[in-house]
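Below, a student asks how certain words are justified for a protein model, and each reply sets a value against a definition.

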Amino acid sequence: MGGSTPFAPIRRAAVIGAGVMGAGIAAHLANAGMKVLLLDVPPTALTPEEAQAGLTLADKPVRNRLAAKALAALTKRQPQALYDNAYAARITAGNLEDDGAKLGDVEWIVEAVVERLDVKQAVLERIEAARGAGTIVTTNTSGLSVAAMAEGRGESFRNYFAGAHFFNPPRHMKLVELVPGPDTDPELLVRLADICHRQLGKGVVVAKDTPNFIANRIGTYGMLVTIHAMRRYGLTVDEVDALTGPAMGRPKTATFRMLDLVGLDTLLHVVDNVRERSDDEQERAAFARPPELEALAARGWLGEKTGQGFYRKL
Ligand code: NAD
């Protein structure tokens, strides 16, 4: 996108969900000069994986502390030549339960909670009740249906709602996929492209509201094929990472280190999403859950966010 700036930049934003992505997106928005309200959602239920691992609700805040740690680490690592030092002070942390009313003061709300349609629908209902007229709402879903997420919400909300999918880590990954729902105002899409491109320094593609959009549809398929090949040829995790990383001109984080960064529970949700929604039989078969991932997730080993996934975090 070029030409003169058609819109005023966003000054006040909120991010709902302070996990791997929420913390990273909040840091990136603050870097870009926005005041950011980062609200976590107090957990009210265990995931099936957590229940199976014998965790209780009391264990869950540990994850939120990890998120806070991740945010602190991010703030330390920013190159000062690019960003000013004041941005950490521009982030205010809280939780949706106690601070939800503050959403009335922001211009853009980013939803970044766990990749489950029921959870996202419930959170969006709360956002709708708190948001001011004209506030933009985007979801960071990796590929759930944007249309399904908007169901049950009022027209004004639906007009101002779209997918804006950041990649991990949000500070470094250049792409944002914008995904309009059936009622997204076309002007909103232009505005979001402008914000992402000019204010956040991202490249933008507009994707259709298909399962996992573009990058994750292809990227996750590649991961699944790699895991299948590991099993078939009896390779170890280290061997696969050695073969598929710098030796092939790809980063060290190409395969299993990447899965640890993404979160194994999130990857399983993404895999399920294509398998359950694709109309292509071959694709549905390719998106079967790999037993290796299920076994780790069942132990509560979800990757970097829990300190252990394929690798132990040092
Ligand atoms: P995460 O597990 O690190 O964080 C999830 C957040 O959701 C936490 O704040 C948690 O408190 C909240 N949450 C968990 N269960 C909840 C419940 N029952 N009700 C309400 N909130 C609940 O996940 P993440 O990796 O940050 O993913 C967040 C979103 O971003 C997902 O939609 C995911 O698909 C998407 N995404 C993830 C990645 C990635 O690499 N991890 C990349 C791009 C997009």
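Q: What makes it right to say that the ligand lies between domain 1 and domain 2?
A: Domain 1 (12-206) and domain 2 (215-304) both give residues to the shell around the ligand, and therefore the ligand lies between them. The domain bounds themselves come from an automatic or database domain assignment. Please keep in mind that this is a predicted model, in which local features need pLDDT of at least 70 and side-chain atom pairs count only at pLDDT 80 or more, while totals for chains, interfaces and linings use all residues. Residues are numbered from 1 along each chain as its sequence is written.

Q: Which residues come nearest to the ligand, and what makes a residue count as near?
A: A residue is near a molecule if its C-beta atom, placed from the backbone, lies within 6 Å of it. There are 25 residues around the ligand, and of these G19, M21, E115, S142 and N168 come nearest. Helix 1 (20-31) and helix 5 (117-130) are the elements that give two or more residues to this shell, and helix 1 supplies the largest share, three residues. Here helices (H or I, at least four residues) and strands (E, at least two) are DSSP runs, numbered from the N terminus.

Q: How many residues of each domain are in contact, and what does "in contact" require?
A: Two residues are in contact if their C-beta atoms, placed from the backbone, lie within 7 Å. By that rule, 15 residues of domain 1 are in contact with 14 residues of domain 2. On the side of domain 1 that touches domain 2, the elements giving two or more residues are helix 2 (48-52) and strand 7 (175-180), and helix 2 gives the most, with three residues.

Q: Why is P182 called exposed?
A: A residue is exposed if 12 or fewer other C-beta atoms, placed from the backbone, lie within 10 Å of its own, buried if there are 20 or more, and partly exposed in between. P182 has 10 C-beta neighbours inside 10 Å, so P182 counts as exposed. This residue is found in the loop between strand 7 and helix 8 (186-199). The C-alpha atoms of P182 and V146 are separated by 8.5 Å, although these residues are 36 apart along the chain.

Q: What share of the protein is buried?
A: Of the 314 residues in the protein, 40% are buried.
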